[in-house]
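Okay, thanks everyone, I'll keep this short. Have a look at the structure on the screen, and then I'll walk you through a few spots.

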Amino acid sequence: MRQSRKSGKENEIMKEIELKYGCNPNQKPSRIYMEDGSDLPVTVLNGRPGYINFLDAFNGWQLVKELKAATGLPAATSFKHVSPAGAAVGLPLDETLAKIYWVDDLGELSPLACAYARARGADRMSSFGDFIALSDVCDKDTARLIKREVSDGCIAPGYTEEALAMLKAKKGGNYNVIQIDESYAPAPLERKQVYGIAFEQGRNELDVNGDLLSNLVTANKEIPEEALTDMKIALITLKYTQSNSVCYVKGGQAIGIGAGQQSRIHCTRLAGTKADNWFLRQSPQVLGLQFVDKLGRADRDNAIDVYIGDEYMDVLADGAWEKVFKVKPAVFTREEKRAWLDRMQEVTLGSDAFFPFSDNIERARKSGVKYIAQPGGSVRDDAVIECCDKYNMVMAFTGIRLFHH
């Protein structure tokens, strides 16, 4: 990776970073640079980030910067393939969440570390090999958590000396560590090329605030502060999620994100299934699983995902369960799962464009959704509102679409 610098000092701000290749190895040459010839607002402190790494890093940084501005709390996101697998703010973890996120052995964590534990833990299958964005200076607690996860890199406005040393030692010294100038403000117009043709648009500088959520269109108009915060988290997350997209949020963190589907109901179902899996991980049946010694976190995540799914016999069949569990678990029946999921309540749902049919509301209800934020504007808005009223939900029309491509 060739780097053009202002001077010969190590880690000096760079004008250009030449990348190994673009999205795929056959796409060469590849680089990042500022079109006006100015310095890049990032410094590579370790590793050799690639094209997709930088896409994830810059999208993720925008997300966490806005989350912190909207909530006043440290924020983190776990990105994969230019969409967040999880996003969260730094609220404390209870005993159950600490256990299902595999951090119960780390003791009390800093708010930033809690934010990343939540962001990573929401959908650990999708977060495997993620790129991390942090709103605040990466501290020792957060670095300890990152160091033991499978991850490609991290972007943050800074790193403590201890944290940087830990991250530099990760992946045999090749872990990607990027520092971004938090004062950097991009130009109001953004451009890209597709098939040699230039596209230009104004940046999406939408401020997600209380005013955006003031148009309550349902009979029930009571929204607690916690749900308003969750609505902000959902909408900001959707700003940086490949469309179509839907986001379920609870307790300060995204618990299910459905991205890039051509129909909205498929986004709602996909995200709802992820939210359900997040809650099923907290059930006594899953918390009571006894894994064989030295089984890694990723293998435990895979086993849990299969165990709570329809292909559960893949890990419960004779000759298979012995490789994963000390004691063969009982089947987690469909009826038992439904009974547990019926306990999931007060979930918030955000959508990057209007719901065209009430089937989205029916599916959301099965995952405990109580609060909804969406643009509105469908010819079937009345049917959607009627469905929300049937279940005493609260829905805000933002009037603003949040497509991201």
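Quick word on naming before anything else: when I say helix or strand, I mean a DSSP run, at least four residues for a helix and at least two for a strand, numbered from the N terminus. And keep in mind that this is a predicted model.

With that naming, let's start at proline 29, which sits in the loop between strand S2 (14-19) and S3. What is the peptide bond from lysine 28 to proline 29, cis or trans? It's cis, with omega near -5°. There's another one further along: the bond from serine 243 to asparagine 244 is cis too, omega near -10°. That asparagine 244 is in the loop between H7 and strand S12 (245-250).

For background, most peptide bonds are trans, and most residues other than glycine have a negative phi. On the phi side, look at lysine 294: not a glycine, yet its phi is positive, about 65°. You'll find lysine 294 in the loop that links helix H9 (284-287) and helix H10 (297-307).

Tyrosine 195 also has a positive phi, about 60°, and it's in the turn of a hairpin. The hairpin is made by S10 and S11, with two residues between them. Those strands run antiparallel and are joined by six bridges. To pick out one pairing, lysine 192 has phenylalanine 199 in S11 as its bridge partner.

Hang on to lysine 192, since we need it for the pocket. The largest pocket has a volume of about 2600 Å³. How many residues line it? The lining has 50 residues, and the ones nearest the centre are Leu55, Glu190, Arg191, Lys192 and Arg203. Elements giving two or more residues to that lining are strand S3 (30-33), helix H1 (51-71), strand S10 (189-194), strand S11 (197-202) and helix H7 (225-239). So both hairpin strands are on that list. Which element gives the most? That's H1, with 11 residues. By type, the lining splits into 27 nonpolar, 10 polar and 13 charged.

Now the helices. Packed pairs get described by the angle and the distance between their axes. H1 and H7, both from the pocket list, pack at about 160° with their axes 10 Å apart. Anything over 145 degrees counts as roughly antiparallel, and H1 and H7 are therefore roughly antiparallel to each other. Their crossing is right-handed.

Then there's helix H3 (residues 111-121) with helix H5 (residues 140-147): the axes come within 7 Å and cross at roughly 25°. The cut-off here is under 35 degrees, so H3 and H5 are roughly parallel to each other. H3 passes H5 in a right-handed crossing as well.

That's my tour, happy to take questions.

How values were computed:
Residues numbered from 1 in each chain as written. Predicted model: local features only at pLDDT ≥ 70, side-chain atom pairs only at ≥ 80, totals over all residues. Heavy atoms only, no water. 1 Å grid on protein atoms, 1.4 Å probe; cavity = no way out; pocket = protein on both sides within 12 Å on 5 of 7 lines; lining within 4 Å. Points joined across faces, edges and corners; volume = space filled by probe spheres on them. Nonpolar A, V, L, I, M, F, W, Y, C, P; charged D, E, K, R; others polar. Pairing = 2+ DSSP bridges. Axes fitted to C-alpha atoms, helices over the stretch in contact; angles between N-to-C directions. Parallel < 35°, antiparallel > 145°, perpendicular 65-115°, else oblique. Left-handed = near helix turned anticlockwise from the far one by under 90°.
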